[in-house]
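Open the model in your viewer and keep the selection tool at hand. We will go from one stop to the next, picking out a piece and looking at what is there.

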Amino acid sequence: MKTYSKIIQPILLSLVFLGCENVDFGDTNSDPDVTTTVVSSGLLTFAERYIGDVVTDEMGDLYTQHISQITYTDGSRYTDLSADSDYLYQNPLINLKTIIDFNSDEQYTLEQSAYGSNANQIAVAKILMAYYYQFMTDRWGMMPYTEALQGTENTYPVFDTQEAIYDGLFTDIDDALALIDDGAGPTGDILFGGDMERWKKFANTLKLVMALRLSNIYPDPSGYAATKFNEAIPYGAIASHAETIYYPFLSDDNNDNPWQDNFQTREDYAISDVLIDRLLADNDPRIAVYAEFTRTSVSLGSPEYLGMPYGIPNSEWLAADVSFISSDVIYESTAL
Amino acid sequence: MANPLLTGGVREEKEIGMELKFLQNRFGIDFTYFTRNDENLPTDLTLTGATGYAETVGNGSIIETKGWELALNLAPIRTDNFNWDINFNISNFDKKVIKINDIVSSVQVAEGRTAYLVHDANDDWGNIYGYNVVTNDAGVPLINSNGLRVYSDNFEKVGNVQADFNGGLINYFRYKNFNLGISIDFQGGGEYYSVTRQLLAYSGLGDFTVGDNSLGNPLRDPVLDVSGNEVNQVLASNVGTGSGGVLVEGVDEATGNPVSYYTSSYSYFKSMNRKAGEWIYDASYVKLRQLSLGYSIPKKTIEKLPLDAITINLYANNLWLIYSEIDGIDPSEIEAYNSTDDDIRWTENAQDPNQRTFGLGVKLSF
């Protein structure tokens, strides 16, 4: 075919490089809705709010079989084992660390002293971190502690042993106590209103509780646990009921006691038969503090306590037939 | 967590092309080869919670793409009364993830029904992850003592979305005032995750959940052992002649020896639910996408009207799925389900099939 020779179009060849220069975008990347300075009073309030979650977590009450579930019994049968700890690192702990970082950095100390003396802010943040870490290691065992909270600086923080964490926390608490000065306490403190005397009591009480937790591992009266315990006493752990530390729930729905929500429209939890039977057998007067008479027994004119059997797979029990958690426990402030 | 060091990525694209026309434009070839290197692309990074943060954005992603496109135009017949034009195109791209960033080697970009779409460093872009069928080295599935296949404890790579080629073929005929267009498109290779198929098995509504087993008895009949007792599963060597159930073959997970069971169809089909590895299919297809028939009213007829032309056009879309691996599931309609990148169509998520549409168009030119 002759026409084959008539190649009309030339070969088109193109080579394209694309690139881009560094450009100054002005304030395009500044978010007008966020603060550009660290308001540590806000960080502290935010961090303290999680205490409300920690002290009202139902898992501990269920697994120690103090309470029992009435209808949906999954939780009391250990089916929810995979709860995770991220929310504590990502919320209270990182905020508290930010308070410490900014109050330790000379560039910011003056600015931060608007929210209380730098030393007192650091002390309070350290005490609260110790509180959360102790809760976490009690619940989950080995945890990232020494290398935690470093953002992208350390993306694979090592897990420390429970022993190392306890050791570290005792030191953290001692450091915090030594830091406390005569300056102003932190603002934004919903627990103690910046009262550093109360913080000292809190720190020493925390030390006391931790020492008690270790007492079976170090039973020696002059051993590790006893030493820490004895250190805490003279410096003033809480000594009377009047000094009990409460988390101050509010009445509005955003800040109220989660336990109250549990009973607002439902009746899912009762005191377990394990606890009731033991209290009855011991003639223990605390039963009236923890539990109420069953509604059925009250309406029949013969009030009695009856615990909800623990961990049964298919429950057909009625809420009226078992002893409820006393309304004092549900509706009043919850002690730490 | 904000990353103050974040910078924009760089795309470097090289393209080489060729366009040839022969025989008074009756035969044309258009060929393009390109490479595209994306470097330092920002990617989301999931951080372990103990860092104090949930995620950040980092630079460092490198993706290399190579591909080619070929288009052929052919006009085999061109006379006054009859024209036939053919347009054919085919393209391929091969996209490889070289690196995600310094911290992670894989990133999840979509989540479906117990399955993920993941990009892995040093692998093809677009991996599907889910629970997989566990096999021995020879690829034979392991069978457990319940007469069911064994699945992986964790998500594994079960497929990849990238096709070997995509393309289309358009035939256009004109005879006098009539014209006819036939449009076909196709894909070769690539895989997708079918949720429809999975739900048909789980619910027992699929036709493949009925029928006879290899003993000639209905699958759904009770499984019987050799003494006639109703059981959930029985070794094939021990099965009663009148037994129902599905024949499940493989190797014993404990001994590694070949084993086969008759297992109740209820247990069998239920066990495959949410095991993405069971429901990965070849995304190859050939589809008659559109047919259109047009008629231009002769100029003479409309001389007196203030119009240049009137064209009437009948068309039909989504006409015929000529080939797909699974009857009734159209791989050309799979979704970018939950994907942060709209381009990545990876799962058929039990959505309604696309509609078949018929239309009539009238075009007036002034």
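## Stop one: a hairpin in chain B

Select B:Lys21 and B:Gly28: Gly28 lies in S2(B) and is the bridge partner of B:Lys21. A word on the labels: strands (E, at least two residues) and helices (H or I, at least four residues) are DSSP runs, numbered from the N terminus. Two strands pair if DSSP finds at least two bridges between them.

Residues are numbered from 1 along each chain as its sequence is written, while chains are lettered from A and ligands numbered from 1 in the order in which they are written. Please keep in mind that this is a predicted model, in which local features need pLDDT of at least 70, side-chain atom pairs count only at pLDDT 80 or more, and totals for chains, interfaces and linings use all residues.

Now widen the selection to strand S1 (residues 10–22) and strand S2 (residues 27–46) of chain B, an antiparallel pair with 13 bridges. Four residues sit between the strands of this hairpin, and B:Leu23 takes a positive phi near 50°.

Add strand S3 (residues 55–78) of chain B, which pairs with S2(B) over 17 bridges, again in the antiparallel sense. To find a place along this pairing, pick B:Thr46, which stands opposite B:Glu55 in S3(B).

## Stop two: all of chain B

Zoom out and colour chain B by secondary structure: it has 23 strands and two helices. Of its 366 residues, 23% are buried (20 or more other C-beta atoms within 10 Å of the residue's own, with C-beta atoms placed from the backbone). Take the contacts in chain B between residues at least 6 apart in sequence: 64% of them join residues at least 24 apart. Here a contact means that the C-beta atoms of two residues, placed from the backbone, lie within 7 Å.

## Stop three: two open sheets

Which strands make up the open sheet with mixed pairing in chain B? Select S9, S17, S18 and S16, which is also their order in the sheet. Strand S9 (142–143) and strand S16 (233–235) of chain B have a single partner strand each, so one side of each is left without a neighbour in the sheet. Inside this sheet, strand S17 (residues 246–252) and strand S18 (residues 258–263) of chain B run antiparallel and are joined by six bridges. One of the bridge partners to click on is B:Pro258 in S18(B), which goes with B:Val251.

Next, show the antiparallel open sheet of four strands in the order S5-S6-S8-S10 of chain B. Its edge strands, each pairing on one side only, are strand S5 (106–112) and strand S10 (156–160) of chain B. On average, neighbouring strands of this sheet are turned by 35° against each other, direction ignored (the angle is between axes, lines fitted to C-alpha atoms).

Strand S6 (residues 115–120) and strand S8 (residues 127–130) of chain B are joined by three bridges and run antiparallel.

## Stop four: B:Ile128

Stay in strand S8 of chain B and select B:Ile128. Is B:Ile128 buried or exposed? B:Ile128 is buried, with 26 other C-beta atoms within 10 Å. Its C-alpha atom is separated by 5.8 Å from that of B:Tyr116, 12 residues away along the chain. Leaving aside neighbours within four places in sequence, B:Ile128 has contacts including B:Leu117, B:Val158, B:Tyr193 and B:Trp346.

## Stop five: chain A

Switch to chain A, with 13 helices and six strands. Buried residues are 31% of its 336 residues.

Select helix H8 (residues 224–232) of chain A, whose buried residues are A:Ala225, A:Lys228 and A:Ala232. They cover an arc of only 70° around the axis, which puts them on the same side of H8(A) (the arc is that of the directions from the helix axis to the C-beta atoms). These buried residues pack against helix H6 (162–179) and helix H7 (196–213) of chain A.

Finish at the largest nonpolar core, which has 49 residues, with A:Ile127 and A:Leu128 making the most contacts inside it. Such a core is a set of buried Ala, Val, Leu, Ile, Met, Phe, Trp, Tyr and Cys residues joined through C-beta atoms within 7 Å. H5(A) gives the largest share of this core, 13 residues. Click on A:Ile127 last: among the residues it touches, beyond four places away in sequence, are A:Ile173, A:Trp199 and A:Phe202.

Notes:
A residue is buried if 20 or more other C-beta atoms lie within 10 Å of its own, exposed if 12 or fewer, and partly exposed in between; C-beta atoms are placed from the backbone. Axes are lines fitted to C-alpha atoms, for helices over the stretch in contact, and angles run from 0 to 180 degrees between N-to-C directions.
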